Amino acid sequence: MPYRTTASDNKQCLSYMSEFSGKVAIVTGSTSGIGEAIARALHALGASVVINSSSSVETGQQIATSLGDNAIYVQADISDKASGQRLIDETLKQFGQLDILINNAGWTTLIAHHDLDALTDEIFQKTFDVNVTGTWMLTKAAMAHLKKSDDGNVVNITSVAGVRPIGSSMAYSMTKAALNQMTVLLAKSCGPVRVNAVAPGLVETPWTKDWQNQHDAVKAVAPLHRSATMEDCVQATLGLLRTKYATGQIFVVDGGLTLVL
Ligand code: NAD
């Protein structure tokens with residue numbers, strides 16, 4: 001017999017579509033990849049969203065326009081304190097509140113771990129400036145506003161590189177470990193704001209499109225035999241936002257890769 005939707009199914013469906021209505025979310029680094037996918041998902045579920053990037057201004061404006069109502073784009077480099085503060089200020093000016101901060105923006109470059117000289121002081125510094133200092137400064141600036149929400153949330157997009165000695169560079173791995181620790185420290189001290197992290201393994205995004213060797217290696221050894229998709233990261237993020245008694249969790253989403261490393 002064909003499946004027919006009932007009034008109760010429709011009601012359930014509508015309640016999912018409006019699950020985050022009345023909530024305001026900033027997603028850093030959301031002109032591409034995982035951040036864009038999370039921003040689009042939150043908007044589809046009713047949230048007002050702030051799209052952000054340090055460059056790619058035109059793309060950011062196009063994404064905000066394509067989402068229509070309740071979406072704006074704010075150009076801001078999170079590693080610059082004034083710029084990060086402007087991101088918060090513009091959000092409050094436009095939407096009057098902040099409920100969800102998704103710290104997704106990140107920077108890396110591929111450097112073999114044994115090649116210490118290739119990891120120059122400049123690259124090391126920039127990796128920390130964006131991934132750690134920028135995320136810290138923005139979260140600090142956002143916290144007082146998140147505390148006014150009935151369910152203030154921070155979700156940090158970290159990496160399995162923060163829990164194992166792996167990753168695109170040693171600096172990147174160190175920054176993601178710092179972000180994981182920042183997650184638990186803030187969760188411990190800033191309740192009732194909830195602070196969690198999604199720590200993906202290798203994800204198919206524009207960032208990793210040329211990393212065929214790495215994708216092949218994951219496919220060969222990870223128990224789920226594939227890299228993550230952006231949708232996997234979206235579902236993990238939504239899962240943490242929906243699980244209202246969860247805080248301080250580092251949600252490893254790696255197809256089981258860390259089980260065999
Ligand atoms: P991406 O390159 O597709 O997107 C990165 C986004 O960050 C872009 O919008 C870029 O403009 C923005 N950005 C970079 N520097 C910024 C800054 N200083 N200020 C504001 N925005 C900035 O990358 P992605 O693969 O979607 O990665 C997103 C996040 O997921 C990163 O934090 C990354 O470390 C993490 N991650 C990615 C993978 C992967 O395999 N792709 C795995 C684990 C974790």
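**Surface patch, aromatic pairs and overall fold**

Biologist: Which residues make the nonpolar surface patch of about 400 Å²?

Modeller: In this predicted model, a nonpolar patch of about 400 Å² lies on the surface. One of its members, leucine 261, is found in the segment after helix H9 (257-260). The patch is made by Val221, Leu259, Val260 and Leu261.

Biologist: How is the pair of phenylalanine 124 and phenylalanine 128 classed?

Modeller: The structure holds two aromatic pairs. In the pair of phenylalanine 124 and phenylalanine 128, the ring centres are 4.9 Å apart and the planes stand at 25°. Planes under 30 degrees apart count as stacked, so the class of this pair is stacked.

Biologist: Where do phenylalanine 124 and phenylalanine 128 lie?

Modeller: The two residues are four apart, which is about one turn of the helix. Phenylalanine 124 is partly exposed, its relative accessible area being 30%. Both phenylalanine 124 and phenylalanine 128 lie in helix H5 (residues 121-146).

Biologist: Is the pair of tyrosine 172 and tryptophan 207 stacked or edge-to-face?

Modeller: The ring centres of tyrosine 172 and tryptophan 207 are 6.1 Å apart, with the planes at 65°. An angle over 60 degrees counts as edge-to-face, so this pair is edge-to-face.

Biologist: How many residues apart in sequence are the parts that tyrosine 172 and tryptophan 207 tie together?

Modeller: Tyrosine 172 belongs to helix H6 (residues 170-189). Tryptophan 207 sits in the loop between strand S6 (194-200) and helix H7 (212-221). The pair therefore ties together parts whose separation in sequence is 35 residues.

Biologist: Is tyrosine 172 buried or exposed?

Modeller: Its partner tryptophan 207 is partly exposed, with a relative accessible area of 37%. For tyrosine 172 the relative accessible area is 11%. Because buried means under 20%, tyrosine 172 is buried.

Biologist: What is the radius of gyration of the chain, and why is the chain described as compact?

Modeller: The chain has nine helices and seven strands. For 261 residues the globule rule gives 18 Å, and the chain comes close to that value, so it is as compact as a globular protein of that length. The C-alpha atoms fill a box of roughly 60 × 55 × 40 Å along the principal axes. The radius of gyration is 18 Å.

Biologist: What share of the exposed area do carbon and sulfur atoms supply?

Modeller: Buried residues make up 48% of the 261 residues in the chain. The chain exposes about 12900 Å². Of this area, the share supplied by carbon and sulfur atoms is 56%.

Conventions
Residues numbered from 1 in each chain as written. Predicted model: local features only at pLDDT ≥ 70, side-chain atom pairs only at ≥ 80, totals over all residues. Heavy atoms only, no water. Phe/Tyr/Trp six-rings, centres within 6.5 Å; stacked < 30°, edge-to-face > 60°. Buried < 20%, exposed > 50% of the residue type's maximum accessible area, 1.4 Å probe, protein only. Patch = residues over 30% accessible without salt bridge, like charges linked within 9 Å, V, L, I, M, F, W, Y side chains within 5 Å. Areas by Shrake-Rupley, 256 points an atom, 1.4 Å probe, with all protein chains shown as cover. Salt bridge = Lys/Arg side-chain N within 4 Å of Asp/Glu carboxyl O. Rg over C-alpha atoms; globule rule 2.2 N^0.38 Å.
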